Amino acid sequence: MKIHTLITDSDELAQLCDRLAKSDFVAVDTEFMRENTYWPELCLVQIANTEEAAAIDPLASGLDMTPLYELLTDNHDVLKIFHAGGQDVEIIFNATGKTPSPIFDTQIAMMAISQSEQIGYSNLVESWLGLTIDKGARFTDWSRRPLTERQIEYAIGDVTHLSKIFPKILQRLIKTGRGMWLNQEMEKLADPDNYRNDPTLAWRRIKAAGRNPQMLGRLKAIAEWREMEAQGKNIPRGRIARDETLADLASHPPKQQSDLAKVRGLSQGWRDNDIGKRLMNTIAKAQPLGDDEMPPRQPRGAPLGKEGALVADLLKLLLKIRAREIDVAARLLTRSDELEMLASGVRKNLPILEGWRYEVFGKDALELVEGRLGFAVEKGRLKMTRVSEDEEIFASAGSDDAVDEETDESGDDSES
């Protein structure tokens, strides 16, 4: 594989992208800094196919990144390979307003062919290529120039390894027939709505107790205010105020600015500074959340109670067994809250009861809840076992007999 020197020239980048545009796929990675800024600062882009690899310096003076962005977002003939690519996709979206397409994430793919929930890149390389990655440059400041040869070599390694691993993972997916399992997950990763930064919707990311329209209206207003303050200063939103602080302010709004000094998470200076004044104005102008904006109620069945909680625990045990049996990450099949809804009686709008998830796990989960599936220990291993109709009838009869005995005993006591 040909490894290019750091690309800082527009013509050289354009020529590279012209060649890569003829590939079936390209592996992509980015290095960025976001610890001290609101917007992540793109510092390096690495890209490779099976024949060549390069690192591109977006901070180079006069470098036109357009050919690269067009390759990533507009060329739908080339598959873009990432590993844990959510933040990489976010950065590309921030720069272009589009997401890479089509897209494939090896971390997500590993969930369909192993029990790895979130396998790290180093472990991925070691398991597929038998190589140990030098992590010495992992925590480098990628915004500093010049970059050392070691830094560039480390960065390019991320895509050269990925370009070798992807075909192996693809072959395994084809062999197992699980490629279709990943379609929905890849679509989520590439969905532009996941990366649009609309300040008016920032409140939805904050956990707040209750559905009071007045409280949620205040939360919406101050969450939007925080986004605008952070964007204007280009600092992380958490440096303005943390989520818990906003939720507290929404639930217990201060009556006057001096009360801000009593709010956990805000400094004493907020009692009389300009930012505190802007916050108080925002709270004062907040309107109750409209009916059309209220968060949807989560589908719920009957309250779980003790028996329902036990059923939910059995479903989680079933999930572990099935994930182990078919060698798949449990998180790809379902989530704990979905199992709890199934245990409480919900049967509609559950992904577990649709498509491939139903065939692989949902059908058994439903049968367990409805008494047609049980557990057994065979050769020291826990496994699922079907309950025959005779066993169901016997269990039902036994339950009735127990009720009759209790009635008789109660009658005997009354007579005596």
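These legends accompany an overview and close-up views of a predicted model.

**View 1. The whole chain combines 15 helices with eight strands.** The chain has 416 residues, and 44% of them are buried. Contacts often span long stretches of sequence: of those between residues at least 6 apart, 63% join residues at least 24 apart. About 23,100 Å² of the chain is exposed. Carbon and sulfur atoms supply 48% of that area.

**View 2. Strand β2 covers residues 25-33.** Eight of its nine residues are buried, so β2 is largely enclosed by the rest of the structure. Strand β3, residues 41-48, runs antiparallel to β2. Seven bridges join β2 and β3. Strand β5, residues 79-82, pairs with β2 in the parallel sense. Three bridges make up the pairing of β2 with β5.

**View 3. Ala-27 has a partner in β3 and another in β5.** In β3, the residue opposite Ala-27 is Ala-48. In β5, Ile-81 stands opposite Ala-27. The β3 pairing is antiparallel, whereas the β5 pairing is parallel.

**View 4. Helix α6 runs from residue 149 to residue 176.** The helix has 28 residues. From first C-alpha to last, α6 reaches 41 Å. That is close to the 40 Å expected at 1.5 Å a residue.

**View 5. Helix α6 bends at Ser-163.** The bend is about 25°. A proline, Pro-167, follows Ser-163 within four residues.

**View 6. Gly-177 comes just after α6.** Gly-177 takes a positive phi of about 70°.

Technical notes: Residues numbered from 1 in each chain as written. Predicted model: local features only at pLDDT ≥ 70, side-chain atom pairs only at ≥ 80, totals over all residues. Heavy atoms only, no water. Helix = DSSP H or I, 4+ residues; strand = E, 2+ residues; numbered from the N terminus. Expected span 1.5 Å × (residues − 1). Bend = angle between axes of the 7 residues up to and from the residue. Buried < 20%, exposed > 50% of the residue type's maximum accessible area, 1.4 Å probe, protein only. Pairing = 2+ DSSP bridges. Contact = heavy atoms within 4.5 Å. Areas by Shrake-Rupley, 256 points an atom, 1.4 Å probe, with all protein chains shown as cover.
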